[in-house]
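Here is a quick, friendly tour of one protein model. Have a look at it first, and then we'll walk through a few spots worth finding.

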Amino acid sequence: MTETIVKINGVPTEIIVYNHEVDEGVCVNSGRKDVVIIITGNHGVPGFYKEFAAVIQSKLPKEVPIWIIGHAGHTKPPDDLIHDFPDFEKEKHLYDMSGNVQHKIDFIKKFVPPDAKIHIISHSIGSWINLKLLKESSSIANKVVKSYLLFPVIERVAETPNARFFTRTIYRLSAFIIFLSSFFALLPSLIQISIIRLVSLVYYIPSSLNNSIMKMYHPESLKRLDLIIAQSLKYVRERDDAVIAQHKDKLFLYYGVNDGWCPLDYYEDLKAKHPNIDACLCDQGFDHTFVLKDAIGVGNMVGDLINKSISSRKN
């Protein structure tokens, strides 16, 4: 596993890589044409998905690359690149919902070989981006073998229980939280780490994620996160049944039983509209934020599905 920074759609972007480096113009292993791409949910930091990706890696042929990509600008910029990021106020279109769709399109077109077979894993709002990829780029859609939409936030976000709670409480404090983060960023690293460790203990967050939390809690990162949240509440409304119908053979949707971001009736509505869609309810008690506590269980499930897909298809 390696972490690298590449420029995508003008934005320096952290990519976490397993098995094969992200290098423009390279060929996927001589005998293997598959590549797995993980599109994160919010908060859009790839490091939260390391354990999940490592489990998937253990299930697949060792030649298959696994690349994790987050949202544009959501990872704290390295000190030597902080001035390379396009200005948020002047270049908001690079960081908004449409900009993040283009961000993923540009990544795939730039780094994925034209003859590769793509397996996309998307989580939460990343699933909305996933569907947009299939809709807006036929060249990418033609290369996608399967898209795995985990706990998919793809419709009526503002009507969900979690969104209603969020808008009444935390979202009203977003400007203050960003303001506080500017002071946090000025603290010595040792103090920052100590605070993050304390918060992790209180909320039972694995210590392995502390570094990812550090990368997220930066004023520039939080501004971009705030923009994505605001736009998802405003613009993610009706489910795109046309793109789902067009690509139903490429889709696998996995819903939680008690998910405050994609309630049970959303799953039932989907099945009523698309009775033959490959969608199921979680029967293992996995949470929407599975990367915090259920990364191994979800990773085993998805890894087995992808491995079955690869094994059943001649390269």
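## The cavity

The largest cavity has a volume of about 40 Å³. Keep in mind that this is a predicted model. If you're counting, the structure holds 1 cavity of 30 Å³ or more.

So what lines the largest cavity? You'll find Pro12, Thr13 and Glu14 there, along with Gly44 and Pro46, and then Gly70, His71, Gly73, His74 and Thr75. Sorted by class, that lining comes to 2 nonpolar, 7 polar and 1 charged residues.

## One side of a helix

Next, jump to helix α11, which runs over residues 264–273. Which of its residues are buried? They are Tyr266, Tyr267 and Leu270. These three sit on the same side of α11, because they cover an arc of only 100° around the axis.

And what do the buried residues of α11 pack against? Their partners are α10 (241–246) plus two strands, β7 (251–255) and β8 (279–281).

## Some unusual backbone spots

A bit of background helps here: most residues other than glycine have a negative phi, and most peptide bonds are trans. With that in mind, check the peptide bond from Asn42 to His43, which is cis, with omega near 25°. To find His43, look in the loop between β3 (34–39) and α1 (50–59).

Two residues other than glycine are worth a look for their positive phi: Asn9, with a value near 50°, and Ser124, with a value near 55°. Asn9 belongs to the loop between β1 (2–8) and β2 (11–18), while Ser124 is in the loop between β5 (117–123) and α3 (125–136). Are they buried or exposed? Asn9 is partly exposed, its relative accessible area being 24%. Ser124 has 10% relative accessibility, so it counts as buried, the cut-off being under 20%.

## A stretch flagged in UniProt

Finally, a note that comes from a record rather than from the model's atoms. An unreviewed UniProt entry lists residues 173–205 as "transmembrane region".

How much of the chain over residues 173–205 is helix, and how much is strand? Helix makes up 76% and strand 0%. From one end of this stretch to the other, the C-alpha atoms are 22 Å apart.

Technical notes. Residues are numbered from 1 along each chain as its sequence is written. This is a predicted model: local features need pLDDT of at least 70, side-chain atom pairs count only at pLDDT 80 or more; totals for chains, interfaces and linings use all residues. Side-chain values use heavy atoms; hydrogens and water are left out. Buried means under 20% relative accessible area, exposed over 50%, partly exposed in between (1.4 Å probe, protein chains only). Helices (H or I, at least four residues) and strands (E, at least two) are DSSP runs, numbered from the N terminus. The arc is that of the directions from the helix axis to the C-beta atoms. Contact means heavy atoms within 4.5 Å. On a 1 Å grid over the protein atoms alone, a cavity is a set of points where a 1.4 Å probe fits but cannot get out, and a pocket is an open set with protein on both sides within 12 Å along at least five of seven lines; lining residues have an atom within 4 Å of a point. Grid points are joined across faces, edges and corners, and a volume is the space filled by probe spheres set on the points. Ala, Val, Leu, Ile, Met, Phe, Trp, Tyr, Cys and Pro count as nonpolar, Asp, Glu, Lys and Arg as charged, and the others, Gly among them, as polar. UniProt positions are given in the numbering used here, feature names are shortened, and annotations may be inferred rather than shown by experiment.
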